[in-house]
Amino acid sequence: MTTILRLLMAMIFAFTVSAAAYTQKPGSQPAQVNLDVVIDDTASQGLYGFGSDGGGSYLNGIQGVAASFLSTGVLSFKTGNRTSTVFYTSPIEPVGALLTGSTSGSSYFLTFVKTGLYLQTMAIGSSRCEGLVGSMPISSSYNRYIGYRAGHGTLTDLGYMLVTHPDTNTWVMDSNSVGICGSTSYDNVARINDAQNKGPSNDIFHGRYYMPLRLVFTRH
């Protein structure tokens, strides 16, 4: 084999490897993106919906916080050793005893994204409507779930989370979609239910409440 032919084959091989590295195969999943999170207290105003623990940004990897867009495209945000607070002062359609006051605890937020739609690959300036559930333990046997167009029971009378991607490193999720995700009468509306964390399903439904929530994500 001549020197020129060897050189040509080496160049072709290098180009092929390079192209494979930068081309996402159909159906492949993007890389996980770790995030720092702000629970925006101006949305809840300390009166209704979700508020933070007052400790500022929830930094991925600090105090047990784990926040990321997983390779499946969903948001997974655990507050770890920190907490969030849920305020119940604005019932829309309560079921059973009226929820009052607030509950605080280590919380978990999870979106439900359609197959093939990845939050981390949203185009800059684009928006999307997603379902989300926030949860926290309320006893040794039960977790409380606050569902925005997701969770158990009827979903069509709940609000979505409006997801926007204003720049390369920032995403915002807001329960107030100003009608972009459907009727304005459902903006900020979530269903609350308690479910056993072990054993047979025995959900306790509390109805629909006005539950503002705004999450701001920054690439870690």
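Here are a few worked exercises on the model above.

The model is predicted, so local features need pLDDT of at least 70, side-chain atom pairs count only at pLDDT 80 or more, and totals for chains, interfaces and linings use all residues. Residues are numbered from 1 along each chain as its sequence is written, and side-chain values use heavy atoms, with hydrogens and water left out.

**Exercise 1: aromatic pairs**

Work out how Phe77 and Phe109 are arranged, and which parts the pair ties together.

Step 1. Start with the rule: rings of Phe, Tyr and Trp (its six-membered ring) pair if their centres lie within 6.5 Å, and planes under 30 degrees apart count as stacked, over 60 as edge-to-face and the rest as tilted. Searching the whole structure turns up 6 aromatic pairs.

Step 2. For Phe77 and Phe109, the ring centres are 5.4 Å apart and the planes sit at 15°, so call the pair stacked.

Step 3. Place them: Phe77 is in strand E4 (residues 75-78) and Phe109 in strand E8 (residues 108-112), so the pair ties together parts 32 residues apart in sequence. Strands here are DSSP runs of E, at least two residues, numbered from the N terminus.

Step 4. Check the burial, where buried means under 20% relative accessible area, exposed over 50% and partly exposed in between (1.4 Å probe, protein chains only). Phe77 comes out buried at 0%, and Phe109 is buried at 0% too.

Step 5. Zoom out: ring pairs link Phe50, Tyr58, Phe77 and Phe109 into a cluster.

**Exercise 2: charges over rings**

Find the ring under the charged end of Arg82, and the ring whose face Lys78 lies over.

Step 1. The test asks for NZ of Lys or CZ of Arg within 6 Å of the ring centre and within 35 degrees of the ring normal.

Step 2. Arg82 puts its charged end over Tyr58, 3.9 Å from the ring centre.

Step 3. Lys78 lies over the face of Tyr108, with 5.2 Å to the ring centre.

**Exercise 3: strand E13 and its partners**

Which strands pair with E13, and over how many bridges?

Step 1. Two strands pair if DSSP finds at least two bridges between them.

Step 2. Strand E10 (residues 142-148) pairs with E13 in the antiparallel sense over 6 bridges. Here Gly147 has Arg191 of E13 as its bridge partner.

Step 3. Strand E14 (residues 204-210) also runs antiparallel to E13, joined by 6 bridges. On this side, Arg191 stands opposite Arg208.

Step 4. As for cover, 7 of the 8 residues of E13 (residues 189-196) are buried.

**Exercise 4: the cavity**

Say which strand gives the largest share of the lining of the largest cavity.

Step 1. On a 1 Å grid over the protein atoms alone, a cavity is a set of points where a 1.4 Å probe fits but cannot get out, and lining residues have an atom within 4 Å of a point. Points are joined across faces, edges and corners, and the volume is the space filled by probe spheres set on them.

Step 2. There is 1 cavity of 30 Å³ or more, and the largest holds about 30 Å³.

Step 3. Its lining residues include Tyr145, Gly147, His152, Arg191 and Asn193.

Step 4. E10 and E13 each supply at least two lining residues, and E10 gives the largest share, with 3.

Technical notes:
Helices (H or I, at least four residues) and strands (E, at least two) are DSSP runs, numbered from the N terminus. On a 1 Å grid over the protein atoms alone, a cavity is a set of points where a 1.4 Å probe fits but cannot get out, and a pocket is an open set with protein on both sides within 12 Å along at least five of seven lines; lining residues have an atom within 4 Å of a point.
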